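Let's go through a few questions on cysteines, strands and cores. Have the coordinates open as you read.

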Amino acid sequence: MAGTFSDFDRFAMQRALTLAARGLESTDPNPRVGCVVAQRGRIVGEGWHERAGEAHAEVVALRAAGSQAAGATVYVTLEPCSHHGRTPPCVEALTAARVARVVYAAADPNPLVNGQGAAGLRAAGIAVEAGLLAPESAELNAGFIRRMTHGRPLVRLKLAMSLDGRTALASGASQWITGEAARRDVQHWRARSSAILTGIGTLLADDPRLDVRLPAEPGKERRQPLRVVLDTQLRTPPQARLFSVGGEVLLLTGVGAPDDRRAEALSARGARVESLPVQAGRLDLSAVIDRLGELELNEVLVEAGPTLAGQLLHAGLVDELLLYVAPILLGADARALVELPPLDSIAVAPAFMLLENIQVGADLRLRLKPHALAG
C-alpha cells in the first residue's frame, strides 16, 4: 500500500532508480534493480544488481551500509524477492540486517514473488510501503514485466526511413539513410536487448553481424545479445558474418524443413537450430515470440526488412516502434517502410501513440506504442 512520502523518500528512490539503470545492459534475464539504505535523511549504503547470479541490489547496499543498516529505511525499485533462485532471498537479508522500513517502487510480477516479498517483510515486523515512483520502475523493466505477466518478451521494432517514408533506393541501396549519431544510438538499444531478431531476407541481402560494437567497461567483457534469425528453409550460409563475432546464434526454422547436413554445418559454426510451426509457408510468428519468452528473453529488438516488419505489425506482435527519421527524400520508386495487406479504410490503419521524440544528430528518433496497447 502506498503511503505519504517525504521529499527525502522521493530523492532516495530517484537515486535508487538511477542506480538500477546502471544494469540496463547486463542484468538479463533478471530485472534492473537499484537500492539505497538511509538513516535519518542520510544515505549510508547503495547498490544495484549487475548481472544474473551475482548479488541483488539489496544485498550490495546492505553490505555497503554495514552496521548502519540496523533501524534504517531501505529504498528499492522492485519488491524484494522472497524465494531461493540463483541467489538467496533478499527478504532474509533485510530481516537479518534489522532494517526498520522498506519502501519499494513496484511489485515484482514474478509469481514466485508477487506480494510475498512484502508479506515476508511485514511478518518480520518491518514497515513496508509501496508505489513510490512505480511508473519509472515499470518503464525500466517493461520487458521483464511483460514476460512475467504474458510469457512473452517486449518486442521493439527498429526502423529507419526518409522524410517520405522510404527505407532504401529501388536498387536496394540504403547505406546510409541515417547519420553516424543515429547509428551509434542504435548500438545502445542493441546493448540493452536480450536478443536481436532478423529474417533470412535481410541476412542474405545485407549479411549483418547484429552485434554490439560499443566498448566494454575496463576489465569486463561486454554481453552480446542472442542473435535470432527466422529462416524457414534453413538458407543461412555457414560463412555468414553472424558467426564471426561472440555470442549465441539461434536459427528458427520450419518443422521438418532442415536437412541434417545443413543443420549440422550450421551447428558446427556455433548456431542452435530449432524448429517451429509453419503457417502458409512462413514461420508462425506468434509461436516465435512464445518461444523467445520460454528462453527468458525480456526485450527483443527487431532489425528486419519491410516484409517481416509488416507481418509483425499486422499480427499485433510489436510492443514498441523505434523509428529513426532522416531529413532526406528518396522518391516514389524507393522502397517502402513496411509491407501491409491492403486496407479498406483509414479507420483500420495501424495507429500509434507517440511516447518520445528526440533529435539524434541530424536525425529524429521517435518511440511509439501501437494504439491497441496504449491503454
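Q: How far is the sulfur of Cys-35 from the closest cysteine sulfur?
A: Keep in mind that this is a predicted model. A disulfide needs the two sulfur atoms within 2.5 Å. For Cys-35, the closest cysteine sulfur sits in Cys-90, and that is too far for a bond because the gap is 8.3 Å.

Q: What about Cys-90, and which residue holds the cysteine sulfur closest to its own?
A: Cys-90 is buried, as its relative accessibility is 1%. Its sulfur still has no bonding partner, because 3.7 Å is too far for a bond, and the closest cysteine sulfur belongs to Cys-81.

Q: How many disulfides does the structure hold?
A: The cut-off for a sulfur pair is 2.5 Å. Cys-35 misses it at 8.3 Å, and Cys-90 misses it at 3.7 Å. The total for the structure is zero.

Q: Is Cys-35 buried or exposed, and which residue stands opposite it in β2?
A: With a relative accessible area of 1%, Cys-35 is buried. Strands β1 (residues 34-39) and β2 (residues 42-48) run antiparallel and are joined by six bridges. Across from Cys-35, in β2, you'll find Gly-47.

Q: Which residue in the hairpin of β1 and β2 takes a positive phi?
A: There are two residues between the strands of this hairpin. The one with a phi near 50 degrees is Arg-40.

Q: How many residues are in the largest nonpolar core?
A: Leu-230 is among the members that touch the most others, along with Leu-197 and Val-288. Leu-230 has contacts beyond four places in sequence, including Leu-252 and Leu-308. A second, separate core has 26 residues, among them Leu-62 and Val-99. The residue count of the largest core is 33.

Terms used
Residues numbered from 1 in each chain as written. Predicted model: local features only at pLDDT ≥ 70, side-chain atom pairs only at ≥ 80, totals over all residues. Heavy atoms only, no water. Pairing = 2+ DSSP bridges. Helix = DSSP H or I, 4+ residues; strand = E, 2+ residues; numbered from the N terminus. Buried < 20%, exposed > 50% of the residue type's maximum accessible area, 1.4 Å probe, protein only. Core = buried A, V, L, I, M, F, W, Y, C linked by side-chain atoms within 4.5 Å. Contact = heavy atoms within 4.5 Å.
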